[in-house]
Amino acid sequence: MRFKVIPIALSRCTGIFFRGMCTEIALPRPQSDNSPLRIPESYDDIEIPPNFPPTFNFASYINKSHSLQQLVKLGVDLYSIERRKGLPQYVLRLDFERDMKPVIQFLHDQGLPPDRLGYFITKNPLIFKEHCDDMLVRVNYLESKRFTREQIVRILDKNPFWLMFSTQRIDRRLGFFQKTFSLSGSEVRHVTCAAPKLITYAMEHVRKSTFSIREEMGFEAMEMKTLLLKLPKIWMMNHDSLMGRFQYVHKDMEISHEQLCQDPHILLSREHRIRQRHEFLKFIGKAQYDPKKDLYVSLKNLVVGTDEEFVFNIAKSSMPTYNAFLRTL
């Protein structure tokens, strides 16, 4: 399967053409009983939002703005929005019926659960700038690439910015991952669903991460592919943090590239946590990471859970002993 740019054109009868094939667009229609936007029996007296002056505080407008009231009902975190430059003024200028409702209804019609709409809008209130027809083209693109409905819902839920990227941009990015890591079509879909944010992440950062993992860390092509399929989040990590963790795990703990490919989650943990727990296991003679030997400790178990869980379940020791050891570091 190759990801190539597909020529897309909208017909006058609202059809979309994929390689000459026409698929009728089912534009979002108001839902009846299950709609998250069911019109209440009565509204406040304000029909048209007043001309709000610039502000970074929504509190004084809640009682005046029908739009803000509806966002609160959906679970939108207005405090999170008002801390971001320019967004409060943008949101206050929107009319709920005209600007917000069609987009919210579209998201609901695509399968986004009602209890996730608030999170989606909190993360990306600029979604109201997008036209429903354009967003439907982007959803149809994923369908044409054999993403299932469940996969599409996951992509939209985990990456609220996805629908702001054109099909051409998404196609180029999927093609980059497929070509760079020799992925099959199903593997491209797997990576996309495992980490939807990676596909729309800054490409310069992704390329630098790829170079660092290959050249600085020394992973071979197949090992890089394995890492990507198992833990694509690595490609979004800060370079210095990732390098510091890798250097300690690979050189100090003597963990091979092959072991890291099989159990890479340790690279997501803070270096000081890895160091503290590894040094403690060394101190009590249990730093054994070879699965072929007795008293094996998996790299994932080394870093997951609370300190208490690590001490009791993995180290088989006590918290006073562990705390006393940490004071010696």
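Select helix H7 (residues 149-158) and helix H9 in this predicted model. Their axes come within 9 Å and cross at roughly 40°. That angle makes H7 oblique to H9. To see the contact itself, show side chains: Gln151, Arg154 and Ile155 on the H7 side meet Arg189, Thr192, Cys193 and Ala194 on the H9 side.

Stay at Arg149 and add Glu143. The two side chains form a salt bridge, with 2.4 Å between the closest N and O atoms. Is Arg149 buried, partly exposed or exposed? Arg149 is partly exposed, because its relative accessible area is 34%, a value that falls between the limits of 20% and 50%. Glu143 is also partly exposed, at 35% relative accessibility.

Next, colour helix H8, residues 167-180. How far apart should the ends of its 14 residues be? At 1.5 Å a residue, the expected span is 20 Å, and the C-alpha atoms at the two ends are 20 Å apart, so the model agrees with the expectation. Now pick out the buried residues of H8: Thr167, Ile170, Asp171, Arg173, Leu174, Gly175, Phe176, Phe177 and Gln178. They pack against several other helices, namely H6 (132-144), H9 (185-194), H10 (196-199), H11 (203-216) and H12 (221-230). H9, from the opening stop, is thus one of the partners of H8. Just after H8, click on Ser182, where phi is positive, at about 55°.

Move to H11 and select Lys208 and Glu204. Both residues belong to this helix and sit 4 residues apart, about one turn. In an α-helix there are 3.6 residues a turn, so residues three or four places apart point the same way. Lys208 and Glu204 form a salt bridge, their closest N and O atoms being 3.3 Å apart. Both are exposed.

Leave H11 for the loop that joins it to H12, and select Met217. Is Met217 buried or exposed? Met217 is buried: its relative accessibility is 5%, and the limit for a buried residue is under 20%. What touches it, apart from its neighbours within four places in sequence? The contacts of Met217 are Ser212, Leu242, Met243, Phe246 and His257. Draw a distance from Met217 to His257: the residues are 40 apart along the chain, and their C-alpha atoms are separated by 8.8 Å.

For another salt bridge, select Arg277 and Asp307. The N to O distance between their side chains is 2.9 Å. This pair links distant parts of the chain, with Arg277 in helix H15 (residues 271-283) and Asp307 in helix H17 (residues 307-315), 30 residues apart. Arg277 is buried, at 1% relative accessibility, whereas Asp307 is partly exposed, at 28%. Across the whole structure, a search finds 11 salt bridges.

Now go to helix H5, residues 114-123. Which of its residues are buried? They are Leu117, Gly118, Phe120, Ile121 and Thr122. The cover over these buried residues includes helix H1 (66-74), helix H2 (78-82), helix H4 (96-109) and H7. H7, where the tour began, therefore appears again as part of the cover of H5.

A short stop follows at Gln89, in helix H3 (residues 87-92). Gln89 is buried, with a relative accessible area of 14%. Add Phe58, which is 31 residues away along the chain; the two C-alpha atoms are 9.6 Å apart.

Then select two cysteines, Cys132 and Cys261. Cys132 is buried, with a relative accessible area of 13%. Cys261 is buried too, with a relative accessible area of 4%. How many disulfides does the whole structure hold? The search finds 0.

Finally, zoom out to the entire chain. Its secondary structure consists of 18 helices and 2 strands. Of the 329 residues, 46% are buried. Among contacts between residues at least 6 apart in sequence, 68% join residues at least 24 apart.

Technical notes: Residues are numbered from 1 along each chain as its sequence is written. This is a predicted model: local features need pLDDT of at least 70, side-chain atom pairs count only at pLDDT 80 or more; totals for chains, interfaces and linings use all residues. Side-chain values use heavy atoms; hydrogens and water are left out. The expected span of a helix is 1.5 Å times one less than its number of residues. Buried means under 20% relative accessible area, exposed over 50%, partly exposed in between (1.4 Å probe, protein chains only). Contact means heavy atoms within 4.5 Å. A disulfide is a pair of cysteine sulfur atoms within 2.5 Å. A salt bridge is a side-chain nitrogen of Lys or Arg within 4 Å of a carboxyl oxygen of Asp or Glu. Axes are lines fitted to C-alpha atoms, for helices over the stretch in contact, and angles run from 0 to 180 degrees between N-to-C directions. Angles under 35 degrees count as roughly parallel, over 145 as roughly antiparallel, 65 to 115 as roughly perpendicular and the rest as oblique.
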